[in-house]
Amino acid sequence: MAVSITDYNLEYRCSTDDAWYTCAVVLDHVNHHLRVKFRDFVQSFYDEVFSVANFSTHSEIEQFLLRFRPVSKPVEDYECSRIIQGMLVCAIYRNKNEALYFDAVVDAVRYKAHKPEECLCSYLLCWQHGPGNGNVTKSTIEDICLITDGPIHPKLIEFANLMKQQLKGTFVQSQVFGSVGHSSHVGSSAELSDHDIDMGGVKTTDRHHYIMLENLEKDLCPLLMMDFIHEHTSITAESYVFPSLLAETYARGAIMVDSTTKLKRIYDFINNPNHVITSFSGR
Ligand SMILES: [Zn+2]
């Protein structure tokens, strides 16, 4: 996939060595892949490719986005006074035969009188990650770049949205309510008890109104079920998944609210034939 030189406008903190590399990103809309191309290693062999399916939580997505930023800017000799103590910079760390970019905090600055065209100052850098993590070493201006702020790259936003959509999809698919149409019923009860779990048994008090659910995944988390209901109906409902016997292949649960109006809205949502809610295993 061809990219032009101007597309190399990002810095990527590589997962292998944790160093920053100048890169371009290419989004494959068909396969939902994000390809990271390194400016200094142009053969696609070196590309890092991420699939939407690699991410399973929002925090993983956020951590991933933090590995990108706009390319840091070199500092001209006449601008040396811009580098000040306490500043976070991106600089070359020289280690054996390697010279790679890592972040460092400027620990001290030794300014010297010099002509604008040739900086003679030196800077002590405290390395924040990589092989020199925690070390303080002396650097000169040609090894130091200024970290720049900027909006998140549009391709990364697009990829993040694809990932988030996928998470939602996973959520709908895995947080199972099962075949609610036939195996659930609606009721109201002061307490949930075995008596009330009778299929079709409808109890009414003015305190609790519930929907019984069957055919749930046994490891379904009630909190996720609650989130799911809230996301789709804006109703905060108490959710329960009851312990099931080892021999049983599914679990039963209940959704409980404090008014019949809310109950009806939830009931309409889960009984809507357009909302088929299934799990990964197909339940
Ligand atoms: Zn200087």
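This passage looks at the nonpolar cores of a predicted model and at one of its helices, α4.

A good place to start is the largest nonpolar core, which has 30 residues. Within this core, Trp 20, Cys 23, Val 89, Ala 91 and Ile 144 touch the most other members. Several elements give two or more residues to the core: the strands β1 (10–13), β2 (20–28), β3 (33–38), β7 (88–95), β8 (98–110), β9 (122–127) and β11 (144–146), together with the helix α2 (154–174). The largest share, five residues, is that of β2. Both domain 1 (5–70 + 153–167) and domain 2 (73–146) are represented, each with at least three residues in this core.

Ala 91 offers a closer view of these surroundings. Apart from neighbours within four places in sequence, Ala 91 is in contact with Tyr 101, Ala 104, Leu 125, Ser 139, Asp 143, Ile 144 and Cys 145. A second core, separate from the one just described, has 20 residues, among them Ile 211, Leu 216, Met 225 and Ile 270.

Met 225 also leads to helix α4, where Met 225, Phe 228 and Ile 229 are buried. These three residues lie on the same side of α4, because the arc they cover around the axis is only 95 degrees. In general, an α-helix has 3.6 residues a turn, so residues three or four places apart point the same way. Leu 223 and Glu 231, on the other side of α4, are exposed. The helix as a whole comprises twelve residues (222–233) and reaches 16 Å from its first C-alpha to its last, close to the 16 Å expected at 1.5 Å a residue. Just after α4 comes Ser 234, with a positive phi of about 60 degrees.

Terms used:
Residues are numbered from 1 along each chain as its sequence is written. This is a predicted model: local features need pLDDT of at least 70, side-chain atom pairs count only at pLDDT 80 or more; totals for chains, interfaces and linings use all residues. Helices (H or I, at least four residues) and strands (E, at least two) are DSSP runs, numbered from the N terminus. The expected span of a helix is 1.5 Å times one less than its number of residues. A residue is buried if 20 or more other C-beta atoms lie within 10 Å of its own, exposed if 12 or fewer, and partly exposed in between; C-beta atoms are placed from the backbone. The arc is that of the directions from the helix axis to the C-beta atoms. A nonpolar core is a set of buried Ala, Val, Leu, Ile, Met, Phe, Trp, Tyr and Cys residues joined through C-beta atoms within 7 Å. Domain bounds come from an automatic or database domain assignment. Two residues are in contact if their C-beta atoms, placed from the backbone, lie within 7 Å.
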